[in-house]
Amino acid sequence: MFDKILIANRGEIACRVMKTAKKMGISTVAIYSDADRNALHVKMADEAIHIGPPPANQSYIVIDKVMQAIKESGAQAVHPGYGFLSENAKFAEALEAEGVAFVGPPKGAIEAMGDKITSKKIAQEAGVSTVPGYMGLIEDAEDAVKISNQVGYPVMIKASAGGGGKGMRIAWNDDEAREGFQSSKNEAANSFGDDRIFIEKFVTQPRHIEIQVLCDAHGNGVYLGERECSIQRRNQKVVEEAPSPFLDEATRKAMGEQSVALAKAVGYASAGTVEFIVDGDKNFYFLEMNTRLQVEHPVTELITGVDLVEQMIRVANGEPLSITQDDVTLTGWAIENRLYAEDPYRGFLPSIGRLTRYRPPAETAAYTPGTAAGDAGDVVVRNDTGVYEGGEISMYYDPMIAKLCTWAPTREKAIEAMRVALDGFEVEGIGHNLPFLSAVMDHQKFVSGDMTTAFIEEEYPDGFEGVSLPEGDLKRIAAACAAMHRVAEIRRTRISGRMDNHERRVGEDWVVTAQGSEFAVTIAADHEGSTIGFEDGTSLRIASDWTPGDQLAEVDVDGSALVMKVGKISGGFRIRNRGADIKVFVRSPRQAELAKLMPEKVAPDTSKLLLCPMPGLVVKVDVEVGQEVEEGQALCTIEAMKMENILRAEKKGVVAKINAGAGDSLAVDEIIMEFE
């Protein structure tokens, strides 16, 4: 076995690989850019080597720099993680030339299956059903328009070397095809150093289901079930689960056997994933094969008990697989939520900055990769992360913060475990998608398993605007906040020192307002908790060890758990729960009466301004001062976290002033241009 492995990656996947390597007694080497000098993966590694400036095309994907780090460290093997150089045949070739093991498939398999155009041709020749499209190279935007018309709209414009939603656009007409081709080409060049583009038919109402395969160099291969990845945003997966709530055993077997056959046809050896589009009749179409470890691999590990990273390392060491297809069993249900540094209230645009607070829910102590989840208890919580409290989220890389996973014996219990885990996940300092993830976990379409890749687009057509909690949930929160307010008032009177019997100073009658609802309550407290009575004659029993200043409250409400993130505001609390972000005011009856007379603050008028929606770099400005623009017209392009974002006019107008130009770095809400 290897003594030392270099991880040619960063972030959570680098940390994930290190955990297994250390479990196997293998020393680890990290590489890092200037931006990652204090990153978690650097701290976790046994040694770390600096490889260059922050941009990935000057550090992490520069093969010569990575090879130099390998020589300096004396590493015998390299695990590439996902992204960066993980599917780069030239990198695998360079490692082979130096006698360094690549913890991934052979160079030939990468060339055959890692390139989306080539893999589709091979799949077609092997008799695998594929989505209609144009597999040749596309010369320019006009050529893209011509081909799109031949294939038939809507079409998917994709980077040949792409992944993770980078270099991917959906076009419904000629203008979008022309614009999408150029943006995809630019993103592909920046992210992968390969700007080749292809076009395929966009299948409407699809489900995205993928098969995990594992092969060795001795001709053995198995499939480890499937993952449902249909909850996507901008073609990037957000929620994954295993198994799929849609497949039956016959379809699973057919997809799995076809995936293994395809892998064997190209001499595949390592962990890999074959991705399919599946329609409502369970017809499946080959999309691509990812010749690497997938972001969402933890859910497969949780339902199979197989440590995929360990298996990859053992295969790279020349060992045969220790399991056969008969050994593979799928136990329980696992769900993964990807926590991103992006603001759902701003159209999911990237957010960067310092993590002033980062407190994930406690992981199940008994669980380690390679352990059957069912052996760890009724519920498992796992959090794969590459950040820490006080660390920086950089604009140079993917915005992922963590991958939160839960496992339970049933899908229903796994979802509920995820809801509780999300409620208890504390992240402050940056915009993040925790509220959105909570909303998805409660959405009826997700709960029923009846979703497609168009879920977000269909259910949130105007973007995510937060969650309005039902009356029953508001009532529980109102009761909890009333009890918490009483605790805070007792503490306040104690601090004042004005009265020995301080509890008499705290009234029993209060009015709680939240999300437009008002609850008149009476608090009857004892040493075990409080009983909160409502005007309708109902009551709720509240018990908690919450103390003022705690930012997380775990409250027992009539025997059921309520987990809330708590912030102090004047006259009450800022409460975040199940995707809702609400202000809860707890006032005396007289204060509540007076509060109704207070005028509401009016937001400033920004209708004549184009504000930068996220920190980023201006790629180009498409208009000039004095130019008349139409609704929907492109005004400028902003790049952040390797993604290009085109800002468009919300209405017809005339450009009065332009405050930024190509190459300028802008902060959130900085004024880009003004209109008459």
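Tutor: Helices (H or I, at least four residues) and strands (E, at least two) are DSSP runs, numbered from the N terminus. This is a predicted model, where local features need pLDDT of at least 70 and side-chain atom pairs pLDDT 80 or more, while totals for chains, interfaces and linings use all residues. Residues are numbered from 1 along each chain, and side-chain values use heavy atoms, without hydrogens or water.

Student: Which element gives the largest share of the lining of the second largest pocket?

Tutor: A pocket is an open set of 1 Å grid points where a 1.4 Å probe fits, with protein on both sides within 12 Å along at least five of seven lines; lining residues have an atom within 4 Å of a point. Here 25 residues line the pocket, and Arg486, Ile490, Ala525, Asp526 and Ser530 lie nearest its centre. Two or more lining residues come from each of β25 (517–526), β26 (529–534), β27 (539–544) and α16 (471–496). The largest share, eight residues, comes from α16.

Student: How many residues of that lining are nonpolar?

Tutor: Seven residues of the lining are charged and five are polar. The nonpolar ones number 13.

Student: Which element gives the largest share of the largest nonpolar core?

Tutor: A nonpolar core joins buried (under 20% relative accessible area, 1.4 Å probe) nonpolar residues through side-chain atoms within 4.5 Å. The largest has 38 residues, with Ile231, Val239, Ile335, Ile401 and Phe446 making the most contacts inside it. Elements giving two or more residues to this core include β12 (236–242), β15 (333–340) and α13 (434–442). The largest share, six residues, comes from α13.

Student: How many residues has the other core, the one with Trp510 and Phe573?

Tutor: That core lies apart from the largest one, and Phe534 and Val557 are also among its residues. Its residue count is 35.

Notes:
Nonpolar A, V, L, I, M, F, W, Y, C, P; charged D, E, K, R; others polar. Buried < 20%, exposed > 50% of the residue type's maximum accessible area, 1.4 Å probe, protein only.
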